[in-house]
Amino acid sequence: MATRTLLRDFQLANIGLIGCTLTVYTVDAAGAKTSTKATLYDSLTGSGTLSNPQGLDSEGKAERPIYHDVPVVCEVTGAHVATVNTGAIFPGGSYRGDWVTATLYLPGDFVTDGANGDGTNDFYRVANYHTSGIWATDKANTQKLVRAIDMSTLTDQVVDSATESLAGIAEIATQGETDAGTDDERFITPLKLANKAISNIADAIVTAAKLASSVFSGLTAVAPAAGDYVAISDVSDSGNPKKALVGDLFATQPRFSANKNGTNQTGVTSATEIKVTFTTEVTDVGSYYDAANSRFTPPAGTYLFTARVPFTVNVVDQAAYYCALYKNGAAHLYGPHVNGSGTGTIAPGLALYAEADGDDYFELYAYGAGAGDKTISGTVGAAYFQAARVA
């Protein structure tokens, strides 16, 4: 589409045309008037149109500016004048891109010698209304095309090659040239730089030894804070690298704390290791504690276990009391033995580390010597069993 242009011929007063009618027609490829009325516009831009024909006012001119974007012939008719036709009136030219054969071009259009011609990228101005034929023939006919800009001359004489101290033109580097890193004349786009960076961290390119010698060796050692980030490999996302808050890592470590919620455990057989039940969860991060069975089955790791079991009934002076951590149904580790001092409450406990392989389960047992069945207090805060992963 050509540039929309003011129809200047009827913008000035002409007393010979007072009261006449102006009809605007399109033209054919030879520039001859057709019977098709052209679309007339009310401005240089926008979709507003005008009626066709238009009446000329009391001064013999158009009542308002008229714009067109195709070649036209104007016809003037009236009661006191003979019918008059103008010659072909062309809109302003525009840039039409690469020259293409079998295309109608208007005077003032510009085309580029591109893939359909010699490929010089020179600019040509269209001299006359015509339909293009063969590039070599049209280029040689100055009644059709006139070279306006010689790109080879422009490049050589107007624009220099860019250097570190002089602005100018430069070629974009290919991905291969970017990866090679040896060319100092072409420039790199952000995309190619990103691709280069990604290729440099592929498997086995950045090694642990490289990180140790070139990255971590220069860093200052600090104690991690909860707001610090660490790099992780997300196994749920094909091992892609992610970042995580140190505080979140600790917050999601498997741990539990359970108590007896005030319910005493009675009938505890004397001088026998008896399983102590803790049926109320206070904390269970990861849901690895089974309150119904008073059993902890955590993921693999090292865990710190702590417990306290207060015996309150039939406590025997100088009799031995202790707690035992059972692993997979068998005694695994023992807390310290304590001896009763009088017959009041005695509360053995334990604090120890144990390893889990992911299938192991842990329970708490207690032992109380001396005559008579015992009672283990269920007082909240006094009796508890808990653990947390530490490594």
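Partly exposed here describes a residue whose relative accessible area falls between the buried range, under 20%, and the exposed range, over 50%. In this predicted model, Lys242 fits that description, because its relative accessible area is 34%. Lys242 meets Asp237 in a salt bridge, with 3.2 Å from N to O. Asp237 also counts as partly exposed, at 31% relative accessibility.

That pair belongs to a wider set of charge pairings. Side chains of opposite charge can pair when their charged atoms come close. A search of the whole structure turns up 16 salt bridges. One of them joins Glu75 to Lys33, whose closest N and O atoms are 2.8 Å apart. Glu75 sits in strand 8 (residues 72-78) and Lys33 in strand 3 (residues 33-37), so this salt bridge ties together parts that are 42 residues apart in sequence. The two ends differ in cover: Glu75 is buried, with a relative accessible area of 14%, whereas Lys33 is partly exposed, at 34% relative accessibility. Lys33 has an aromatic neighbour as well, since it lies over the face of Tyr25, at 5.0 Å from the ring centre.

Asp138 and Lys144 make another salt bridge, and here the closest N and O atoms are 3.3 Å apart. With a relative accessible area of 1%, Asp138 is buried; Lys144, at 22%, counts as partly exposed. Elsewhere, salt bridges link Glu171, Glu177, Asp183 and Arg186 into a network.

Turning to the aromatic residues, the structure holds 16 aromatic pairs. Among them is the pair of Phe278 and Phe385, which is tilted, with 5.8 Å from centre to centre and 45 degrees between the planes. Phe278 comes from the loop between strand 20 (274-275) and strand 21 (280-285), while Phe385 belongs to strand 32 (residues 384-389), so the pair ties together parts that are 107 residues apart in sequence. Phe278 and Phe385 are both buried. The rings of Phe305 and Phe362 make a further tilted pair, because their planes stand at 45 degrees, with the centres 4.9 Å apart. This pair, too, links distant parts of the chain: Phe305 is in strand 24 (residues 301-308) and Phe362 in strand 30 (residues 362-368), 57 residues apart. Both of these phenylalanines, Phe305 and Phe362, are buried.

The four phenylalanines just described fall into one aromatic cluster, made up of Phe256, Phe278, Tyr289, Phe296, Tyr303, Phe305, Phe362 and Phe385. A charge joins the picture at Phe278, where the charged end of Lys260 sits over the ring, 5.5 Å from its centre.

Next comes the nonpolar interior. In soluble globular proteins, nonpolar side chains tend to be buried together. The largest nonpolar core in this model has 36 residues, and those with the most contacts inside it are Phe305, Phe311 and Phe385. Two or more residues each come from strand 18 (255-259), strand 24, strand 26 (320-327), strand 29 (349-356), strand 30 and strand 32. Strand 26 gives the largest share of this core, 6 residues.

Some nonpolar side chains are found at the surface instead. Val230, Ile232 and Leu249 make a nonpolar surface patch of about 180 Å². Leu249 is part of helix 6 (residues 246-251) and is partly exposed, with a relative accessible area of 33%.

A few backbone details are worth a look. Most residues other than glycine have a negative phi, and most peptide bonds are trans. The peptide bond from Asn52 to Pro53, however, is cis, with omega near 20 degrees. Pro53 sits in the loop between strand 5 (49-50) and strand 6 (54-55). Ser287 has a positive phi, near 60 degrees, and lies in the loop between strand 21 and strand 22 (289-290). Ser287 counts as exposed, at 61% relative accessibility. Gln318 likewise has a positive phi, near 70 degrees. The loop that holds Gln318 runs between strand 25 (311-313) and strand 26, and Gln318 counts as exposed, at 54% relative accessibility.

Finally, there is the question of span. Thr5, in strand 1 (residues 5-6), counts as buried at 12% relative accessibility. The C-alpha atoms of Thr5 and Tyr367 are separated by 105 Å, and the two residues are 362 residues apart along the chain.

Methods:
Residues are numbered from 1 along each chain as its sequence is written. This is a predicted model: local features need pLDDT of at least 70, side-chain atom pairs count only at pLDDT 80 or more; totals for chains, interfaces and linings use all residues. Side-chain values use heavy atoms; hydrogens and water are left out. Rings of Phe, Tyr and Trp (its six-membered ring) pair if their centres lie within 6.5 Å; planes under 30 degrees apart count as stacked, over 60 as edge-to-face and the rest as tilted. Helices (H or I, at least four residues) and strands (E, at least two) are DSSP runs, numbered from the N terminus. Buried means under 20% relative accessible area, exposed over 50%, partly exposed in between (1.4 Å probe, protein chains only). A charge sits over a ring if NZ of Lys or CZ of Arg is within 6 Å of the ring centre and within 35 degrees of the ring normal. Patches are made of residues with over 30% relative accessible area and no salt bridge: like charges are joined within 9 Å, nonpolar side chains (Val, Leu, Ile, Met, Phe, Trp, Tyr) within 5 Å. Accessible areas come from the Shrake-Rupley method with a 1.4 Å probe; for residues, only the protein chains shown count as cover. A salt bridge is a side-chain nitrogen of Lys or Arg within 4 Å of a carboxyl oxygen of Asp or Glu. A nonpolar core is a set of buried Ala, Val, Leu, Ile, Met, Phe, Trp, Tyr and Cys residues joined through side-chain atoms within 4.5 Å.
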